[in-house]
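Let's take a walk through this one together, from the cysteines to the ligand and on to a few loops. Have the viewer open and follow along.

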Amino acid sequence: MAEPCFNRSRTDFIPVARPSVTAAEVSAVVGAMRDVQLSQGPRVAEFESRFAAMHGCAHGASCNSGTSALQLAIEALGLRGKRIACPAMAMVAVPNAIISAGCTPVFVDSEPASGNVDLSQLDSISDSLAAAIVIHLYGVPVEFRASDWKFPILEDAAESHFGSFANGDQIGSRGAAACFSFFANKIITTAAGEGGIVTTNDQALAERVKLLRAHAFTAGEHFHHTEHAHGMRMGELAGAFGCAQLDRIMPMLLHRARLVKAYHHGLVGIEWLDHQCRPMGSANWVMPLMLANTNERFNVQFVREYLAAAGIETRRWFKPMHMQPHLEQFVLPGQEFDVAEDLWERGFYLPLFHDLEVADVERICATLRSI
Ligand SMILES: Cc1ncc(COP(=O)(O)O)c(C=O)c1O
């Protein structure tokens, strides 16, 4: 299905996401350049420890993307050759990272209200697994307890910075490790518009990620390497930018919450719309919606094109992994993913970012109401 066309030069064009860059980020990055400190240094170390602490973890090991964070975490857990479950309703980076780490993805369907992985289905195939990745989809926490599972759970928290579970635990602190993305559309980003981090309370695991991200340099003889590893480091400009974003995090999160409230107010009573079930504590990354399953008037493509014509960019929910040609081979005999397919058919999300204003949200809601 073709993407709707957008005229991005329209002065009233609203993108689905945009990073927030202020004088503080510019000055932090220039500071790193003036110190001629471009590769990893004190700013990356500061960013790692502050970000990890804000997510209830003692250790953070940064890298160059969320995908790398997933691959490094899987490798650091020693899972090569094993089967790792992940939701079918996923960003493709997740099974790709599993495969890059030398493992086999096993897909699991979603539960319908949130779109998050269905833990009862995960349980039913758990004997064949060595680990599972749960994605806090569009910021909604997967309420799992690590002690319920006989294998490690990795949290994919790419879309859920600063979110929390029902009991107040930070998202990112419950699994063996959590992986975050700092791609430019995320709640916070870095100067590179790319980046990632693995957070954990396991010091040995964090050290192993740090070893694997940087060519497995051994202590002692400098260019002696004892294992296969990667060049996946985060640079100092990215770390400096990230620290400046952390300095501003409270007003940034409050503004996102204000915008979500305005969306709820503006969308109330539109009978052809359904909302993702989003408990308190969910991170406000994007504004996910779906067509009500009673709606027979139009499809998601129609809604997206209608909004596009009004200068408003949207995205569909993820196209499920079993429908991706390079991943079909991993579908097990008899597996069905009815919920993921249904959510993909009906799901889309609206713009949410720091520089969006309540008046923009009102315009988006008015446009939706006019359909
Ligand atoms: C759920 C999820 N996991 C992983 C990633 C990959 O992160 P990156 O793009 O930083 O590699 C993304 C998004 O970008 C994502 O949404």
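**Cysteines, ligand and loops**

There are zero disulfides in this structure, which, keep in mind, is a predicted model. Take Cys 63 to begin with. The closest cysteine sulfur to its own belongs to Cys 179, and the gap is 7.8 Å. A disulfide needs the two sulfur atoms within 2.5 Å, so that pair is too far apart for a bond. Cys 63 is also buried, with a relative accessible area of 0%. Cys 277 isn't in a disulfide either: for this residue the nearest cysteine sulfur sits in Cys 365, 20 Å away. In contrast to the buried Cys 63, Cys 277 is partly exposed, at 43% relative accessible area.

Now move over to the ligand. The space it takes up is the largest pocket. Around the ligand you'll find 14 residues, and the ones that come nearest are Gly 66, Thr 67, Asp 156, Glu 159 and Ser 181. Two helices are worth colouring here: helix H3 (66–76) and helix H4 (93–100) each give at least two residues to the shell around the ligand.

Which side chains put a polar atom beside a ligand oxygen? Glu 159 is one of them, with a side-chain N or O atom 2.6 Å from an oxygen atom of the ligand. Ser 181 does something similar, its side-chain N or O atom being 2.7 Å from a ligand oxygen. Then there's Lys 186, where a polar side-chain atom lies 2.9 Å from an oxygen atom of the ligand. As for how wrapped up the ligand is, on its own it has 380 Å² of accessible area, and the protein covers 92% of that.

Next, have a look at Glu 313. You'll find this residue in the loop between helix H9 (300–309) and strand S10 (315–316). Is Glu 313 buried or exposed? It counts as buried, because its relative accessibility is 5%, below the 20% cut-off. So what does its side chain have for polar company? A polar atom of the Glu 313 side chain lies 2.9 Å from the backbone nitrogen of Val 16.

If you like checking backbone torsions, two residues deserve a click. Val 36 isn't a glycine, yet its phi is positive, at about 50°. Val 36 belongs to the loop between helix H1 (23–34) and helix H2 (42–54), and with a relative accessible area of 68% it is exposed. Phe 162, another residue other than glycine, has a positive phi near 65°. This one is in the loop between strand S5 (153–156) and strand S6 (177–181). While Val 36 is exposed, Phe 162 counts as buried, at 16% relative accessibility.

The last stop is Pro 279, in the loop that runs between strand S8 (273–275) and strand S9 (287–291). Its relative accessibility is 38%, so Pro 279 counts as partly exposed. To get a feel for distances from here, try Glu 362: Pro 279 and Glu 362 are 83 residues apart along the chain, and their C-alpha atoms are separated by 23 Å.

Notes. Residues numbered from 1 in each chain as written. Predicted model: local features only at pLDDT ≥ 70, side-chain atom pairs only at ≥ 80, totals over all residues. Heavy atoms only, no water. Buried < 20%, exposed > 50% of the residue type's maximum accessible area, 1.4 Å probe, protein only. Near = heavy atom within 4 Å. Polar contact = N/O pair within 3.5 Å; in protein donor to acceptor, adjacent residues only side chain to side chain. Areas by Shrake-Rupley, 256 points an atom, 1.4 Å probe, with all protein chains shown as cover. 1 Å grid on protein atoms, 1.4 Å probe; cavity = no way out; pocket = protein on both sides within 12 Å on 5 of 7 lines; lining within 4 Å. Sits in = over half its atoms within 2 Å of the grid points. Helix = DSSP H or I, 4+ residues; strand = E, 2+ residues; numbered from the N terminus.
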